[in-house]
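Visitor: I would like a close look at one part of this model, the place where its chains meet. Please take it in order and keep to what can be computed.

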Amino acid sequence: MIANATSPNHLQLTRDGQLRHFLTLDGLGRELLTDILDTADSFIEVGERRIKKVPLLRGRTVVNLFFESSTRTRSTFELAAKRLSADVLNLDINTSATSKGESLSDTLLNLEAMASDMFVVRHAQSGAPHFIAESVTPGVAIINAGDGRHAHPTQAMLDMLTIRQHKGTFEGLKVAIVGDVLHSRVARSQIRALNELGAEQIRVIAPGTLLPSDVESLGCTVEYDMARGMKDLDVVIMLRLQKERMEGALLPSEREFYRLYGLSQEKLALAHPECIVMHPGPINRGVEIESAVADGPQSVILNQVTNGIAIRMAVMSMAMGGQVAERQQKLTELTERGLA
Amino acid sequence: MSALLDIDQLMDKLEAGLRRLLKERNIESPVLVGIRTGGVWVADILGKRLGIEEPFGELDISFYRDDFSRIGLNPKVTPSSLPFDTEGRDIILVDDVIMSGRTIRAAMNELFDYGRPASIILASLIDLGARELPIQPDVSGQALELAAQQRVKLRGPDPLRIELQETAQ
């Protein structure tokens, strides 16, 4: 864990409360989260036009800095930046060989020398985007695309957008997050967002071995029995079993996991008849979710992908907007004091 | 604050100007597009007066503004909605007030991302002059010259009224 010296909000918000980086949902209030969702709604409309592009980030350079591989997240960030008219540079950096702290600083210095305006960062270490935001040149926006087990705020927000699209509101909703919560940065961000936006009940459903010890302190209830947990649900969010992150025997077997915590048609029938089924992808068919459910009428999994582009456009343009407005404000102040 | 302009008279003038222009150009089935917020209210009234049955479009130009690099993104952007295909159509673009011309430039850039219209006519309820770009309305309800401390604001939608405000300078 890289030390978090500065509080996230001091770092990611301007004096006026606008985004300048997007690192975590911690400390972002309901109004700002709603502004992000509303802005994304407008970008969804842009995505339906003949020309799916707006000129907001024209002439700016966005670097996708992926220290950990990802197909969906990286490609939707890339498409989002391109639809905002930015120039995009994709860098996949394998960190396993080098000393991380040092290579990170050096990489950053080189990229800043290329006059980049925004870094979209994915890193296996919790706190890496925060660390970069602390040390980067003023005016450069940092977007967290997933860090360690800490947070994946754009994924959580695209899930919130999907829920709002289908349910209209968060008030009174019963939502469950099922599966590998222990290794999931998404689950943490989702619980945070659902609480802030006013969901009525947030349940996590998982075996004890796949839950962090402090999970209830995040603001949710725990259910070990899936049949009980599915009752009256409006939204069920399945998590991917992160086999690549598992050390030792946390699971008896995939088959056993599916029997207990996989989402089958039978288990889904226990929820509210209009319950929607979500999954951040990539899905392991037959491990977390039955194919008939993933492809079924209650599944909104592909909506999530479309919404991912709109949410990323919203967050990128808002953070860049916060940066430029802040710079302009400082310049005005300097001019007024006769210093510029 | 005062409401010195009679909105019905301005609308009469806009309507008459548009009828004349549409006839001159042999345009039989134009569509209306209003710029949020005031332009949408004016487009609504014009649609009824001109007997255009197709629902009008609404543009939110926030993503096309040329001052993003100075003030950032409008936090209250709402989705634009064009309930028709603009390709090959004759469009009447409507705003409440025209001044610098920058809003209209942004609106035209946005319109062209939906397709290539056959033509665009620009209608503005009030023309304040002070243009910064070579953009002129084809039809306007009233030309107005304001003193430096004066602002004009359309309130609506029901009833629609024009307010002249004196700002402290």
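How many residues does the contact take from chain A and how many from chain B?

Guide: This is a predicted model, and what follows is to be read with that in mind. The contact draws 21 residues from chain A and 17 residues from chain B. On the side of chain A that touches chain B, two helices each supply at least two residues: H2, spanning 30–46, and H12, spanning 301–336. Of the elements on that side, H12(A) gives the most, with seven residues. Sorted by class, the residues of the side of chain A that touches chain B comprise eight nonpolar, seven polar and six charged.

The same two helices of chain A also appear at a boundary inside that chain. The domain assignment splits chain A into domain 1, made of 8–151 + 306–336, and domain 2, made of 153–301. Domain 1 is thus written as two segments, with 306–336 listed after 8–151. Between the C-alpha centres of domain 1 of chain A and domain 2 of chain A the distance is 27 Å. Across this boundary, 25 residues of domain 1 of chain A are in contact with 18 residues of domain 2 of chain A. On the domain 1 side, H2, strand S4 (141–147) and H12 of chain A each supply at least two residues. H12(A) gives the most here too, with six residues. The classes on the side of domain 1 of chain A that touches domain 2 of chain A are eleven nonpolar, eight polar and six charged residues. H12(A) is therefore the top contributor to the side of chain A that touches chain B and to the side of domain 1 of chain A that touches domain 2 of chain A.The partner, chain B, has four helices and seven strands. Along the sequence these elements follow the pattern α-β-α-β-α-β-α-β-β-β-β. The radius of gyration of chain B is 16 Å, close to the 15 Å that the globule rule gives for 169 residues, so chain B is as compact as a globular protein of that length. Along its principal axes, the C-alpha trace of chain B spans about 45 × 40 × 30 Å. Buried residues account for 37% of the 169 residues in chain B. Among contacts in chain B between residues at least 6 apart in sequence, 66% join residues at least 24 apart.

Note on methods:
Residues are numbered from 1 along each chain as its sequence is written. Chains are lettered from A and ligands numbered from 1 in the order in which they are written. This is a predicted model: local features need pLDDT of at least 70, side-chain atom pairs count only at pLDDT 80 or more; totals for chains, interfaces and linings use all residues. Two residues are in contact if their C-beta atoms, placed from the backbone, lie within 7 Å. Ala, Val, Leu, Ile, Met, Phe, Trp, Tyr, Cys and Pro count as nonpolar, Asp, Glu, Lys and Arg as charged, and the others, Gly among them, as polar. The radius of gyration is taken over C-alpha atoms; the globule rule is 2.2 Å times the number of residues to the power 0.38. A residue is buried if 20 or more other C-beta atoms lie within 10 Å of its own, exposed if 12 or fewer, and partly exposed in between; C-beta atoms are placed from the backbone. Domain bounds come from an automatic or database domain assignment.
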